[in-house]
Amino acid sequence: MMFTPAELLEINTLLSPESKIVILTHYNPDGDAIGSSFGLKHYLKAKGIHADVIVPNDFPKFLKWMPESKKAIIAEYKRKVAYDLISEADVIFCLDFNAPSRIGIVGDWLIKATGKKILIDHHQQPEPFDYVYSDTIIPATSQMIYHFIEALGDEKLVNKDMAECLYTGIMTDTGGFRFRSTSATTHRIIANLIEKGADPSMITSNTWDTNTVSRLHLLSLILGRIEVVHDGTVAVLSLTRKELQQYGFQKGDTEGFVNYGLSIMGVKMSAFFMEDLYEDFIKISFRSKDDVDVNQFSRKYFNGGGHINAAGGKSYESLPDTIETFKKRVEEFQI
């Protein structure tokens, strides 16, 4: 739920030009992570307040067109700078993650930090923070940032830079406004953002019409061997480390691959398994339709979590063994 009126007053008091403010988001930042972080940064800038955006690791090139996004401090490259900023911060906004464990080593720095920690997030089961705005029904943290700005009575401050970032975050986390969590309120906010200067054609082109040759090769590869199991209700997609290396994989090349499984008639759950390029684990992405709860599935079997219809997980078995384990677990799961 939204912060209480009393909490909003306290937060508003904390947001002064003299305050040292940091904005954090999760490991492997996606469109909503970057969109919400820089949407909030531009809002604070409009109030005459400086804030630094820190991300645990680098993010895809197709998100770096957003206003000032290249100014993000990437902790894996600038550890001391990121650590010092977090340690000295008076206010730390925590966006699009529900627990310090979701932000890698930055999470340890966050736990030790003395600044006020403000969570704005839509994932299930958030851990305690000083101030918490958590709503699992809202489809994107970027939409929650808009509601936060409204609650502070500052909707008039929304400008083109802010609108472009928030629009991108909402668009990407709703799958182009296709997911069932997309509400009438979401569309009203999108309309407001367009009125404030967000250009849907430009944003879509800059974000999604950015295929590389390596991405298309990898997509062709997995679509050529996609497997449908569990009486035609579950799709399985996978890529090996060797294949990623063969086609010159770059961060973001496999973004959205898991959604292709859901485009198959009758499929209610799609799982994409990919060997990590550098470490010995399997990264797993889950997507689903209707009431198939991949958040619970991932939490129970694959050390992960997320949303009812979109979640992630991890396995330390080999890729073939992970897929076999997945097929067995699916038989136990209600689909």
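Helices α5 and α6 sit oblique to each other in this predicted model. Their axes, taken from residues 141–151 for α5 and residues 160–173 for α6, come within 7 Å and cross at roughly 135°. That value falls short of the cut-off of over 145 for roughly antiparallel, so the pair ends up as oblique. On the α5 side, the contact uses Ser142, Gln143, Ile145, Tyr146 and Ile149. Met162, Cys165, Leu166, Gly169 and Ile170 are what α6 brings to it. Sorted by character, the residues of this contact come out as seven nonpolar and three polar, with no charged ones.

Helix α5 has another partner in α7, which spans residues 184–195. Here the axes are 11 Å apart and the packing angle is about 70°, so α5 and α7 count as roughly perpendicular to each other. Gln143, Tyr146 and His147 do the work for α5, meeting Thr185, Thr186, Ile189, Asn192 and Leu193 of α7. This contact holds three nonpolar residues and five polar ones, and again no charged residue turns up. Gln143 and Tyr146 thus appear in the contact with α6 and also in the one with α7.

Next comes the nonpolar interior. The largest nonpolar core has 49 residues, and the members touching the most others are Phe3, Leu40, Leu44, Phe93, Ile120, Phe148 and Leu193. Helix α6 supplies the largest share of this core, with seven residues. Leu40 gives a feel for how the core is wired: setting aside neighbours within four places in sequence, Leu40 is in contact with Ile23, Phe93, Leu95, Ile145 and Phe148. One of those partners, Ile145, also belongs to the α5 side of the contact with α6. Leu193, for its part, is among the α7 residues that meet α5. Another core, of 20 residues, lies apart from the largest one and includes Phe273, Phe286, Val292 and Phe326.

The UniProt record, an unreviewed entry, offers a couple of domain labels to set beside this picture. It lists "domain: DDH" for residues 20–170. In the model, that span is 36% helix and 18% strand, and its end C-alpha atoms lie 28 Å apart. The same kind of annotation, "domain: DHHA1", covers residues 234–332 according to the unreviewed UniProt entry. Here the end C-alpha atoms lie 13 Å apart, with 32% of the span in helix and 28% in strand.

A couple of backbone oddities are worth a look as well. Most residues other than glycine have a negative phi. Glu68 goes the other way, with a positive phi of about 70° although it is not a glycine. Its home is the loop between β2 (51–55) and β3 (73–74). Asp96 also has a positive phi, near 65°, and is found in the loop between β4 (91–95) and α4 (106–112). With a relative accessible area of just 3%, under the 20% cut-off, Asp96 counts as buried.

Finally, Glu10 helps to give a sense of distance across the model. This residue lies in helix α1, which runs over residues 5–14. Its relative accessibility is 41%, so Glu10 counts as partly exposed. Along the chain, Glu10 and Glu227 are 217 residues apart, and their C-alpha atoms are separated by 53 Å.

Conventions:
Residues are numbered from 1 along each chain as its sequence is written. This is a predicted model: local features need pLDDT of at least 70, side-chain atom pairs count only at pLDDT 80 or more; totals for chains, interfaces and linings use all residues. Side-chain values use heavy atoms; hydrogens and water are left out. Axes are lines fitted to C-alpha atoms, for helices over the stretch in contact, and angles run from 0 to 180 degrees between N-to-C directions. Helices (H or I, at least four residues) and strands (E, at least two) are DSSP runs, numbered from the N terminus. Angles under 35 degrees count as roughly parallel, over 145 as roughly antiparallel, 65 to 115 as roughly perpendicular and the rest as oblique. Contact means heavy atoms within 4.5 Å. Ala, Val, Leu, Ile, Met, Phe, Trp, Tyr, Cys and Pro count as nonpolar, Asp, Glu, Lys and Arg as charged, and the others, Gly among them, as polar. UniProt positions are given in the numbering used here, feature names are shortened, and annotations may be inferred rather than shown by experiment. Buried means under 20% relative accessible area, exposed over 50%, partly exposed in between (1.4 Å probe, protein chains only). A nonpolar core is a set of buried Ala, Val, Leu, Ile, Met, Phe, Trp, Tyr and Cys residues joined through side-chain atoms within 4.5 Å.
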